[in-house]
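Please go through the model below with its strands, core, charged pairs and surface in mind. The report takes these topics in turn.

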Amino acid sequence: MTTFDDTGMFDLDEEFPGEPAPPRRGQGAAVLVVAAALVVAGVVWLLAVRDSEGAAADQMTVELLTRQGEPTDEVAESVVDETGIDPTSARFAVRTEAGQHFAALRWDGDLCLVAVPDGDVPRVACVAPSTKAVVTLSGADGARVRLGADEAPAPDTDDGWRAAGSNVWVLDAPAAG
């Protein structure tokens with residue numbers, strides 16, 4: 001069996017101990033250039049991602065939300081506190097036996113349907129903004145109200161859905177029995 005003497009094998013002694021090491025400015029500059037390029041690429045990527053998310057949200061259109069605000073669109077401050085909607089975006093959608101329903105946006109751009117029952121706590125359902133966003137709220141009696149973006153598919157009228165205005169459909173409660 002052969003053994004190797006590895007003492008001194010990893011010593012970093014210079015071959016010519018009297019000569020100073022050559023300056024490594026070229027390597028330092030290269031490292032700084034690569035680091036700067038990585039930082040710039042990261043910033044550009046973040047800006048591109050942010051712009052693409054903003055563009056997706058901008059593409060969602062809801063005709064009901066674009067109409068001029070009216071006094072019937074005002075929601076109580078307690079509803080705003082409970083639901084987190086932007087009160088300036090709220091638009092009255094429809095009144096059912098479950099109460100008033102409003103279309104609105106949250107501060108982050110989510111599309112929301114808000115139900116404000118008479119004498120009860122408001123309920124809200126929200127979805128992320130998209131060209132085909134749809135949000136539905138169901139009442140205790142089984143009735144449903146649906147809000148959709150302009151490009152969202154309309155619910156099937158054969159199933160009992162009826163249009164109740166721009167972007168709003170209602171499915172009445174099933175008959176008791």
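In which sense do strand β2 and β3 pair, and over how many bridges? The pairing of β2 (residues 99–105) with β3 is antiparallel, and six bridges hold it. The model is a predicted one.

## β3 and its two partners

Start with the β2 side. F102 sits opposite V114 of β3. The two strands make a hairpin, and five residues lie between them. In that turn, G109 has a positive phi of about 95 degrees.

Now the β4 side. Strand β4 (residues 123–127) also pairs with β3 in the antiparallel sense, here over five bridges. V114 faces V124 of β4 in this pairing. Six residues separate β3 and β4 in their hairpin. G119 is in the turn and has a positive phi of about 70 degrees. V114 thus appears in both pairings: opposite F102 and opposite V124.

## How β3 is covered

Are the faces of β3 covered or uncovered? Both are covered. L111, L113 and A115 are buried on one side. C112, V114 and V116 are buried on the other. With six of its six residues buried, β3 is largely enclosed by the rest of the structure.

## The nonpolar core

In soluble globular proteins, nonpolar side chains tend to be buried together. Here the largest nonpolar core has 19 residues. Within this core, V62, L64, L111, L147 and V168 touch the most other members. At least two residues come from each of α2, β1, β3 (111–116), β5, β6 and β8. β3 gives the largest share, three residues.

## The four-strand sheet

Which order do the strands of the open four-strand sheet follow? The order is β5-β6-β8-β7, and the pairing is antiparallel. β5 (134–138) and β7 are the edge strands. Each has a single partner strand, so one side of each has no neighbour in the sheet. From one strand to the next, the twist averages 25 degrees.

β5 and strand β6 (residues 144–148) run antiparallel and are joined by five bridges. V134 has G148 of β6 as its bridge partner. The β5 and β6 hairpin has five residues between its strands. G142 takes a positive phi near 100 degrees there. β5 has two unlike faces: V135 and L137 are on the covered one, while V134, T136 and S138 are on the uncovered one.

## Salt bridges around D73

Side chains of opposite charge can pair when their charged atoms come close. The whole structure holds five salt bridges. A network of them links R67, E70, D73 and R91.

R67 bridges to D73, with the closest N and O atoms 2.8 Å apart. R67 is partly exposed, at a relative accessible area of 25%. D73 is buried, at 3%. Buried here means under 20% relative accessible area, so D73 at 3% falls below that limit, whereas R67 at 25% does not.

R91 also meets D73 in a salt bridge, at 4.0 Å from N to O. R91 lies in strand β1 (residues 91–96), and D73 lies in the loop between α2 (63–66) and α3 (77–83). The pair therefore ties together parts that are 18 residues apart in sequence. Both R91 and D73 are buried.

## The R162–D172 pair

What distance, N to O, goes with the salt bridge of R162 and D172? The value is 3.1 Å. R162 belongs to strand β7 (residues 161–163), and D172 to the segment after β8 (168–171). Parts ten residues apart in sequence are therefore tied together by this pair. R162 is partly exposed at 38% relative accessibility. D172 is also partly exposed, at 45%.

## A nonpolar surface patch

Which residues make the nonpolar surface patch of about 260 Å²? They are V39, V43 and L47. V39 belongs to helix α1 (residues 25–59). Its relative accessible area is 55%. Exposed means over 50%, so V39 counts as exposed.

Terms used:
Residues are numbered from 1 along each chain as its sequence is written. This is a predicted model: local features need pLDDT of at least 70, side-chain atom pairs count only at pLDDT 80 or more; totals for chains, interfaces and linings use all residues. Side-chain values use heavy atoms; hydrogens and water are left out. Patches are made of residues with over 30% relative accessible area and no salt bridge: like charges are joined within 9 Å, nonpolar side chains (Val, Leu, Ile, Met, Phe, Trp, Tyr) within 5 Å. Accessible areas come from the Shrake-Rupley method with a 1.4 Å probe; for residues, only the protein chains shown count as cover. A salt bridge is a side-chain nitrogen of Lys or Arg within 4 Å of a carboxyl oxygen of Asp or Glu. Buried means under 20% relative accessible area, exposed over 50%, partly exposed in between (1.4 Å probe, protein chains only). Two strands pair if DSSP finds at least two bridges between them. Axes are lines fitted to C-alpha atoms, for helices over the stretch in contact, and angles run from 0 to 180 degrees between N-to-C directions. A nonpolar core is a set of buried Ala, Val, Leu, Ile, Met, Phe, Trp, Tyr and Cys residues joined through side-chain atoms within 4.5 Å.
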